[in-house]
Amino acid sequence: MAKPEPIPPAAPAHEAAERRDWVAYFDRMEGKPPRPTLIRAMDRFGPLELSDAAQPPLAIDLGCGSGQDLVPLLERGWRVWASDAHPEGLARLRARPACAAAIADGRLTVVQADFETVEIPPARLVNASFALPFCPPVHFPALWARIDAAVPPGGRFSGQFFGDRDDWAILEDRTHLTRAETLALFDQYILEHFEEEDRPSTHAGEHHKHWHVFHIVARKR
Ligand SMILES: C[S@@+](CC[C@H](N)C(=O)[O-])C[C@H]1O[C@@H](n2cnc3c(N)ncnc32)[C@H](O)[C@@H]1O
């Protein structure tokens with residue numbers, strides 16, 4: 001009897017992100033947990049910091065994709081303003097039961113917008129998980145200025161930046177920063193978590209890509 005063909009391992013989500021094939025990316029992210037940087041940032045807000053306001057604090061999720069980071073925010077009582085450019089990601093987000101319920105009761109606002117033009121409301125937490133590198137470099141300084149303006153003293157940023165040694169740094173449509181450039185974004189912040197990932201990765205036993213990623217949680221002074 002012929003041996004069955006081995007099933008090839010499923011391609012990783014980031015392989016689709018390299019090509020900006022966002023529908024394939026959302027497919028591959030199905031069932032994935034929220035990002036650890038978001039969880040760390042939420043953990044850093046003590047109950048007192050969150051209970052002094054008249055209404056629940058607002059968190060932003062920029063480049064929210066299909067919304068895996070929204071569920072823990074909503075579960076912990078945050079109001080959330082989430083945006084992404086891709087309608088399919090936002091449709092999948094709206095179909096999550098926790099998100100549908102929060103939209104219905106006004107705790108979740110979902111906005112389709114590009115990084116190039118998005119207007120960001122003031123918020124205690126701005127989260128951008130693996131999203132900001134997909135902003136074209138010419139628009140990144142203005143986007144970061146709008147993010148920074150949205151965070152009040154004592155507020156936090158959580159998310160990722162891609163470094164200059166990442167294999168995708170040669171792609172002209174996205175933003176890669178050196179370590180010094182990344183740190184300079186946070187000169188008015190206390191870095192609560194700064195992790196530099198600088199390593200090759202494999203897929204199906206072969207070199208896949210070199211990652212150079214900064215994982216950050218920071219509190220504005
Ligand atoms: C790698 S995914 C990250 C999604 C999610 N935050 C996560 O952690 O998996 C990048 C997201 O950025 C969005 N995106 C890419 N370019 C964009 C742009 N110019 N403006 C707004 N969103 C964009 C994509 O639609 C996608 O959802």
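## Cysteines without partners

Let's start inside the fold: Cys99 has a relative accessible area of 0%, so this residue is buried. This is a predicted model, and its count of disulfides comes to 0. For Cys99, the nearest cysteine sulfur belongs to Cys64 and lies 8.7 Å away. A disulfide calls for two cysteine sulfur atoms within 2.5 Å, so Cys99 is left without one.

Cys135 tells a similar story. Its relative accessibility is 0%, so Cys135 counts as buried too. The nearest cysteine sulfur to that of Cys135 is again the one of Cys64, here at 15 Å, and Cys135 takes part in no disulfide.

## Two nonpolar cores

In soluble globular proteins, nonpolar side chains tend to be buried together. Here, the largest nonpolar core brings together 29 residues. Those with the most contacts inside this core are Leu62, Leu132, Trp144, Ile147, Phe157, Phe161 and Phe186. Two or more residues come from each of strand 1, strand 4 (125-128), helix 8 (140-150), strand 5 (156-163) and strand 8 (206-220). Helix 8 is the top contributor, giving 5 residues.

What does Leu132 touch, once residues up to four places away in sequence are set aside? The list is Phe140, Leu143, Trp144, Ile147, Phe157, Gln160, Phe161 and Thr175. There is also a second core, separate from the one above, with 20 residues. Among its members are Phe45, Cys64, Leu70 and Leu93, and Cys64 is the residue whose sulfur is nearest to that of Cys99.

## Salt bridges across the chain

Side chains of opposite charge can pair when their charged atoms come close. How many salt bridges does the structure hold? The total is 18.

One of them joins Asp27 to Arg92, with an N to O distance of 2.9 Å. This pair links distant parts of the chain, 65 residues apart: Asp27 sits in helix 2 (residues 22-29) and Arg92 in helix 6 (residues 87-95). The two ends fall into separate accessibility classes. Asp27 is partly exposed because its relative accessible area is 42%, while Arg92, at 18%, falls under the 20% limit and so counts as buried.

Another long-range pair is Arg76 with Asp43, whose side chains meet at 2.7 Å, N to O. Arg76 lies in the loop between helix 5 (70-75) and strand 2 (79-84), Asp43 belongs to helix 3 (residues 36-44), and 33 residues separate them along the chain. Arg76 has a relative accessible area of 42%, so this residue is partly exposed.

## A charged network

Closer to the start of the numbering, Glu15 forms a salt bridge with Arg19, and their closest N and O atoms are 2.9 Å apart. Arg19 is partly exposed, with a relative accessible area of 45%. The pair belongs to a network of salt bridges that links Glu15, Arg19, Asp21 and Arg28.

## An exposed loop residue

To finish, have a look at Ala54, in the loop between helix 4 (47-51) and strand 1 (58-62). Is Ala54 buried or exposed? With a relative accessible area of 91%, Ala54 is well over the 50% limit and therefore exposed. Its C-alpha atom is separated from that of Ala85 by 31 Å, and the two residues are 31 residues apart along the chain.

Terms used
Residues numbered from 1 in each chain as written. Predicted model: local features only at pLDDT ≥ 70, side-chain atom pairs only at ≥ 80, totals over all residues. Heavy atoms only, no water. Helix = DSSP H or I, 4+ residues; strand = E, 2+ residues; numbered from the N terminus. Buried < 20%, exposed > 50% of the residue type's maximum accessible area, 1.4 Å probe, protein only. Core = buried A, V, L, I, M, F, W, Y, C linked by side-chain atoms within 4.5 Å. Contact = heavy atoms within 4.5 Å. Salt bridge = Lys/Arg side-chain N within 4 Å of Asp/Glu carboxyl O.
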